[in-house]
Amino acid sequence: MKPRWGYLITPYGSEYNNQKTIGDQTLIVNTSIEDASYVNRLGVVCAVPTTGSNGPDLGDIVVLHHNVFRTYFDMKGNQRKSNEYFRDDYYLVSPDRIYMYNDGEDWKCTEGYCFVGPVDYIQSGDLYRTEKKKEEHVGLIKVSSTFDPGTRVGFTKNSEYEFEIEGEKIYRMRESDICLLV
């Protein structure tokens, strides 16, 4: 199969990441398909567009939009796959729904996106105590095609979208949402 415009992608693992193993027991932590936080966001490229691509190649692991592998209920209560579903566990995904990819060496962002790690909140005095764990709207660049990794940046409100990649919480955002180099 050779797609014209999109990438042919299969889930990396299963469509949902809703199981945790504790000791020798496997627990299902979420049984609802409505919650997007347990949808798998990693896929494997099975075919690249015939129109050319300067992004992921065959076999690369990609970070996708949360709705790509999502199952939902339509207005009549029928269970449906996402619009990207093709057949037999294959999905036709447009390039704008792919945010980052790993070519076997390291992670690379697609054009216009970057990934930022949260920064721990540092209390500035004993007088005002807070329960905040992370600094708001500030982070360190993890992966970007424009900024160097480790650069401390400020970003606009509500621009971050949380992902967990290789056990680390990072935020996906557009590079245009980076408004400060701190």
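**Figure 1. Salt bridge between Glu-162 and Lys-169 in the predicted model.** Glu-162 is partly exposed because its relative accessible area is 44%. Its partner Lys-169 also counts as partly exposed, at 32%. The N to O distance between the two side chains is 3.9 Å. Elsewhere, salt bridges with shared partners unite Asp-103, Asp-106 and Lys-108 in one network. The structure holds seven salt bridges.

**Figure 2. Salt bridge between Glu-15 and Lys-81.** The closest N and O atoms of this pair are 2.9 Å apart. Glu-15 belongs to the loop between β1 and β2 (19-22), whereas Lys-81 belongs to strand β7 (residues 79-81), so the contact ties together parts that are 66 residues apart in sequence. With a relative accessible area of 15%, Glu-15 is buried; Lys-81, at 33%, is partly exposed.

**Figure 3. Salt bridge between Glu-84 and Arg-97.** The side chains meet at 3.1 Å, N to O. The pair links distant parts of the chain, 13 residues apart: Glu-84 lies in the loop between β7 and β8, and Arg-97 in the loop between β9 and β10. Glu-84 is classed as buried because its relative accessibility is 12%, under the 20% limit. Arg-97 has a relative accessible area of 24% and is partly exposed.

**Figure 4. The largest nonpolar core, with Ile-9.** This core has 14 residues, and those with the most contacts inside it are Ile-9, Val-62, Leu-64, Val-68, Phe-69, Val-93 and Ile-98. Two or more residues come from each of the elements β1 (7-11), β5 (61-64), β9 (90-93) and β10 (98-102). Leaving aside residues up to four places away in sequence, Ile-9 touches residues including Val-44, Cys-46, Val-62, Leu-64, Phe-69, Tyr-91, Val-93 and Ile-98. Another core, of 12 residues, lies apart from the largest one; among its members are Val-63, Cys-109, Val-143 and Ile-165.

**Figure 5. Surroundings of Phe-115 in strand β12.** Strand β12 spans residues 113-120. Phe-115 counts as buried because its relative accessibility is 0%. Beyond residues up to four places away in sequence, its contacts include Val-63, Tyr-99, Met-100, Cys-109, Leu-140, Val-143, Phe-163 and Ile-170. The C-alpha atoms of Phe-115 and Pro-149 are separated by 9.5 Å, although these residues are 34 residues apart along the chain.

**Figure 6. A nonpolar surface patch containing Phe-86.** Met-1, Phe-86 and Leu-92 make up this patch of about 270 Å². Phe-86 is located in strand β8 (residues 85-87). At 34% relative accessibility, Phe-86 is partly exposed.

Terms used. Residues numbered from 1 in each chain as written. Predicted model: local features only at pLDDT ≥ 70, side-chain atom pairs only at ≥ 80, totals over all residues. Heavy atoms only, no water. Helix = DSSP H or I, 4+ residues; strand = E, 2+ residues; numbered from the N terminus. Buried < 20%, exposed > 50% of the residue type's maximum accessible area, 1.4 Å probe, protein only. Contact = heavy atoms within 4.5 Å. Core = buried A, V, L, I, M, F, W, Y, C linked by side-chain atoms within 4.5 Å. Patch = residues over 30% accessible without salt bridge, like charges linked within 9 Å, V, L, I, M, F, W, Y side chains within 5 Å. Areas by Shrake-Rupley, 256 points an atom, 1.4 Å probe, with all protein chains shown as cover. Salt bridge = Lys/Arg side-chain N within 4 Å of Asp/Glu carboxyl O.
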